[in-house]
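These are my notebook entries on a structure that I examined element by element. I began with a strand, went on to its sheet and then turned to the helices.

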Amino acid sequence: MNNHGAFPEPPPGCPAHNSGRRVPMYGPEFAADPQAFYTHMRHYGTTAPVELAPGVDATLVTDYSAALQLLQNPDTFRKDSRRWRDLNEGKVAPNNPVLPMLAYRPNALFTDGAEHMRLRQAVTDSLAGVDAHWLSRQVERVSSFLISQFSALGEADLLNDYAKMLPLLVFNELFGCSPSIGDRLAYGTSGIFDASMDAEKANEELSQALIELVALKRRQPGDDVTSRLMAHPAKLSDEEMIHQLVMLISAGTEPQRNLIANGLYLLLCDEKHAGGHQAGGLLVEDVIDDVLWNSPPMANYAPHYPVCDVDLGGNVLKAGDLVLISFAAANTDPTLSSARQVLSKRAHLAWSAGPHACPAKDSAQLIAVGAIENLLNQLPDVELAVPVESLTWRPGPFHRALTSLPARFAPVRARQAPTMAATAPAAGAATTAGATPQPRPHAKPQRNSMWSSFLSWWKS
């Protein structure tokens, strides 16, 4: 059996090159060309020894069949990270940057057995109440608002000005947020994924916003996911409510923004898809399928822990090992190459599989397709504003995410955006006593007032 005892040579540029170390997945080299790393990892067999961050060892499954076998075997491979041996033995520092994505929380993602079934049923039933036609209308509304913020300028960063913000505002709709709660929810969620922001402060803001949201819905339930989750027969406590909402907004914003941005990237940069939104071109759905197969927004995740020593495709995994699935590597497994064209579009693993498969994949695809289609309809001549080789990808072991996507287009007159005088002031902002704020036409809202700005724009 191969226990990863012999380390083949990593690709050029990899920090582990000629060192015999585990393959690092956190540097700019991996972000720039992950497929070269996956090709190298396949030399180990079905799994490869990797380092997610300094001091965090893991095993990465790169083989499609082995990934499917693991995901569909919850008796042997559990999700509860309290089984993680290295963490329990103190080998992983409590401030390690990847720990927030891996540490146990009492939600449907990190539980097993009956408890997982109870929490997941509450989540899936609550999401099932979302009408697809209603969701499409909300996506179009939010999309049009965001486009109105930059359409007259003739240029925009389609990642940070559009793809990043759209899922946040759509989730505010889904959760039934008030203006104040929605502003802080958007700020907090952005901050926990944005290295340029204070992650600790953002997490506090997110937690407080969700505490207030749960309290609001206890008093005033509505037709929204939060209220349906609260009324579910699973009878979730306030703490359980908050943990499920954190899971939903985390899984529905970071991956969603990358799905939208990676789809736009293909349309603007890939010759196969260039002009796909014009007559005779490929449908946006085809572009999204391409992303899900070849550049999934969550490229490596689904942490699992074997309950005992187990052989997976010829490699022995020890009880309590941290084992992740490389959706990106599994989807591009060379053994699938001859059959991929005839496989079902949903045969990819971008949504995971088994009992922990994404419960909102149809809604996620609807949001991505709607966001891209509306942008292309309103800005039909949009094109990349920089050389494609100058684009960079955000380092990190889990995601496949651009740092920016600069675009240009012919400026267009858009529906009047709200002035900042008509929106709630940014937290901590001061005004001179008795002074009358001066309106600024087409002023872009501050990040932490984006939700209230959207509500003002829609009512105007």
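**Entry 1: strand β2.** I noted at the outset that the model is a predicted one. I looked up strand β2, residues 47–53, and found it mostly covered, with seven of its seven residues buried. I then looked for its pairing partners. Strand β1, residues 23–24, pairs with β2 in the parallel sense over two bridges. Within that pairing, I recorded V50 of β2 as the bridge partner of V23.

**Entry 2: β2 and β3.** I next followed β2 to strand β3, residues 56–61; the two run antiparallel and are joined by six bridges. I wrote down two of the facing positions: A48 has L60 in β3 as its bridge partner, and P49 stands opposite T59 in β3. The two strands form a hairpin with two residues between them, and in this hairpin G55 takes a positive phi near 90°.

**Entry 3: β3 and β9.** I asked how many of the six residues of β3 are buried. The count is five, and I therefore entered β3 as mostly covered, with buried taken as under 20% relative accessible area. I also found that β3 pairs with strand β9, residues 323–326, in the parallel sense over three bridges. Here T59 stands opposite V323 in β9, and V61 stands opposite I325 in β9.

**Entry 4: the whole sheet.** I then assembled the strand order. The sheet is open, has six strands in the order β1-β2-β3-β9-β6-β4, and shows mixed pairing. Its edge strands are β1 and β4 (77–78), each of which pairs on one side only. As a reminder to myself, strands of a sheet pair through backbone hydrogen bonds, either parallel or antiparallel. I also looked for a helix against this sheet. Helix α3, residues 64–71, lies across β3, β4, β6 (300–306) and β9, and runs at about 130° to β9.

**Entry 5: helix α16.** I checked the length of helix α16, residues 361–378. Its 18 residues, at 1.5 Å a residue, should span 26 Å, and its end C-alpha atoms are 26 Å apart, so the two values agree. I listed its buried residues as A364, Q365, I367, A368, V369, A371, I372, N374, L375 and L376. I asked which helices these buried residues pack against. They pack against α7 (132–148), α8 (158–163), α9 (165–175), α13 (238–269) and α14 (284–294).

**Entry 6: α9 against α13.** I examined the packing of α9 with α13. Their axes are 8 Å apart and the angle is about 145°; the crossing is right-handed. From α9, the contact is made by L166, P167, L168, F171 and F175, and from α13 by L245, L248, I249, G252, T253, Q256, R257 and I260. I sorted the residues of this contact into nine nonpolar, three polar and one charged.

**Entry 7: P255.** I closed with a proline found in helix α13, P255. Is P255 buried or exposed? P255 counts as buried because its relative accessibility is 16%, which falls under the 20% limit. Leaving out residues up to four places away in sequence, I found that P255 touches S250, P297 and M298. I also noted that the C-alpha atoms of P255 and P296 are separated by 8.5 Å, with the two residues 41 apart along the chain.

Definitions and conventions: Residues numbered from 1 in each chain as written. Predicted model: local features only at pLDDT ≥ 70, side-chain atom pairs only at ≥ 80, totals over all residues. Heavy atoms only, no water. Buried < 20%, exposed > 50% of the residue type's maximum accessible area, 1.4 Å probe, protein only. Helix = DSSP H or I, 4+ residues; strand = E, 2+ residues; numbered from the N terminus. Pairing = 2+ DSSP bridges. Expected span 1.5 Å × (residues − 1). Contact = heavy atoms within 4.5 Å. Axes fitted to C-alpha atoms, helices over the stretch in contact; angles between N-to-C directions. Left-handed = near helix turned anticlockwise from the far one by under 90°. Nonpolar A, V, L, I, M, F, W, Y, C, P; charged D, E, K, R; others polar.
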